[in-house]
Amino acid sequence: MRPPTRHPLPPSDVSIVSMIQKLQEIERRFERLTSELSDPEVLANLERYRKLTKEQSQLEPIVRTYRELLRVRAQLEDTRSLLEEKDPEIREMAKEELPVLREQSEALERELRLLMLPKDPADERNVILEIRQGVGGDEAGLFAADLLRMYLRYAERQGWKVEILSQHATGIGGIKEAQILIQAEGAYSWLKHEAGVHRVQRVPATETQGRIHTSTVTVAVLPEAEEVDVKLEEKDYRKDVMRASGPGGQSVNTTDSAVRLTHYETGIVVVCQDEKSQHKNYAKALRVLRAKLFELELEKQRAERDATRQSMVGSGERSEKIRTYNFPQDRLTDHRLNLTRHNLDAILDGDIHDLLIACRNHFMAQELEAQEQASP
């Protein structure tokens, strides 16, 4: 459907004017896609139809926002012209409307700039979350289990498919580490900012004097890699098989089903033991190893593209706390955003979507600011 007739975009802002040509090209491409998607030949070709539908859905927010900006800018110009009217009531009405329209226009311009930021090539990937017990002993293991459940519940709320790749329990309800695969388009884009150290402050159940303990859990977020992304041959790693172990190191399997892979070049070690089948554990370990190698390659690319930007996974930021969960005050604080939320019970039950949106917006705004500062 073609857009309605509208006034041209007034050249009142140099930065937005420089975007017009690209925005017009995007709009024309969007209209061509809409036309192609109604073509019987395209409808008969499922692979092509999916590809075009995906591209159209990616362009739609930009086109929608651009058209809304054109509408508001046209209304802004029409309202300015009313300032020349002889009727004082009309002039007064125009004066009242102008600030509101300017604010709307500026907000839409900023939204467009955010929408047109370069996309992270890994954003549409599935994601592997790796949750590890940090400092704090048993309490850290218990909180690691809490975070694992939080992400599992969030994925469930989103209707995402989840597979537990590996999980090592502590024996008192906690976990030493766990790796889960979340399969959903765009899962990495939603969860990538969860990487880092999560700190918990609470009174452990075993604490008799009511003292608050501080413990930490580390979360790594890896985009899942396909075989074509990472060339991985058997000569690149050592494969060890062993009996799966449970809490305290006791054997929980009478066969050598657990698999440990050690990558020679990087020293990365991956262990999977949840399945009774050695073949299944081996397949899961390969997926995790590929994801870790893929993330290393992505990190190199990011560093080359922009030396000032650092990925949270594998960078200095990982050693810093990104978030604190304070139970006595029923408070979550994200230290990067200076954001505070209450109701930890709901948060740990997976009610974190608004938090993820805030993280997304914060880091997109940082990218935009860096881009604008780098522009001549």
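Q: Which residues does Met-116 touch, not counting residues up to four places away in sequence?
A: This is a predicted model, so keep that in mind as we go. Met-116 is found in the loop between H4 and strand E1 (127-133). Skipping residues up to four places away in sequence, the ones Met-116 touches are Met-19, Lys-22, Leu-23, Ile-26 and Ile-62.

Q: Does Met-116 count as buried or exposed, and at what relative accessibility?
A: The cut-off to know here is that buried means under 20% relative accessible area. Met-116 falls under that cut-off, so this loop residue counts as buried, at 18%.

Q: How many Å apart in space are Met-116 and Met-19, C-alpha to C-alpha?
A: Along the sequence, these two are 97 residues apart. Even so, Met-19 is on the list of residues that Met-116 touches. In space, C-alpha to C-alpha, the separation is 9.4 Å.

Q: Leaving aside its neighbours within four places in sequence, which residues is Ile-26 in contact with?
A: We've just met Ile-26 as one of the residues touched by Met-116. Ile-26 is found in helix H1, and it is buried, with a relative accessible area of 13%. Leaving aside neighbours within four places in sequence, its contacts are Leu-59, Ile-62, Val-63 and Met-116.

Q: How far apart in space are Ile-26 and Tyr-66, C-alpha to C-alpha?
A: In sequence, Ile-26 and Tyr-66 are 40 residues apart. Tyr-66 belongs to H3, where it helps make the contact with H4. From C-alpha to C-alpha, Ile-26 and Tyr-66 are 9.8 Å apart.

Q: Is Arg-29 buried, partly exposed or exposed?
A: Arg-29 has its place in helix H1 (residues 14-36). Its relative accessible area is 24%, and the range between 20% and 50% is the middle class. That makes Arg-29 partly exposed.

Q: Which residues does Arg-29 touch, not counting residues up to four places away in sequence?
A: Arg-29 and Val-63 are 34 residues apart in sequence, with 9.9 Å between their C-alpha atoms. As for contacts, not counting residues up to four places away in sequence, Arg-29 touches Glu-36, Leu-52, Glu-55 and Leu-59.

Q: How do helices H3 and H4 run relative to each other?
A: Helix H3 (residues 46-81) and helix H4 (residues 88-115) pack with their axes 9 Å apart, at an angle of about 155°. Angles over 145 degrees count as roughly antiparallel. H3 and H4 are therefore roughly antiparallel.

Q: In the contact of H3 with H4, how many residues are nonpolar, polar and charged?
A: H3 passes H4 in a left-handed crossing. On the H3 side, the residues making the contact include Ile-62, Leu-69 and Arg-73, while the H4 side includes Leu-98, Leu-101 and Glu-109. Sorted by type, the contact has 12 nonpolar, 5 polar and 7 charged residues.

Q: Which residues touch the most other members of the largest nonpolar core?
A: In soluble globular proteins, nonpolar side chains tend to be buried together. Here, the largest nonpolar core has 58 residues. The ones touching the most other members are Leu-147, Tyr-151, Trp-160, Ile-182, Leu-191 and Tyr-325.

Q: How many residues are in the other core, the one with Leu-33 and Leu-52 among them?
A: The largest nonpolar core has Tyr-151 as a member. Another core lies apart from it, with Leu-33, Leu-52, Ile-62 and Leu-76 among its members. Its number of residues is 22.

Q: What is the relative accessibility of Gly-141?
A: Gly-141 is found in helix H5 (residues 138-158). Leaving aside neighbours within four places in sequence, it is in contact with Gln-133, Thr-170, Gly-174 and Ile-175. Gly-141 counts as buried, and its relative accessibility is 0%.

Q: What is the phi of Asn-338?
A: Asn-338 sits in the loop between strand E10 (331-334) and strand E11 (339-342). It is exposed, with a relative accessible area of 70%. Although Asn-338 is not a glycine, its phi is positive, at about 55°.

Q: Near what value is the phi of Asn-343?
A: Asn-343 is found in the loop between E11 and helix H8 (344-348). This residue is partly exposed, with a relative accessible area of 38%. Asn-343 is a residue other than glycine with a positive phi, near 70°.

Terms used
Residues numbered from 1 in each chain as written. Predicted model: local features only at pLDDT ≥ 70, side-chain atom pairs only at ≥ 80, totals over all residues. Heavy atoms only, no water. Core = buried A, V, L, I, M, F, W, Y, C linked by side-chain atoms within 4.5 Å. Buried < 20%, exposed > 50% of the residue type's maximum accessible area, 1.4 Å probe, protein only. Axes fitted to C-alpha atoms, helices over the stretch in contact; angles between N-to-C directions. Helix = DSSP H or I, 4+ residues; strand = E, 2+ residues; numbered from the N terminus. Parallel < 35°, antiparallel > 145°, perpendicular 65-115°, else oblique. Left-handed = near helix turned anticlockwise from the far one by under 90°. Contact = heavy atoms within 4.5 Å. Nonpolar A, V, L, I, M, F, W, Y, C, P; charged D, E, K, R; others polar.
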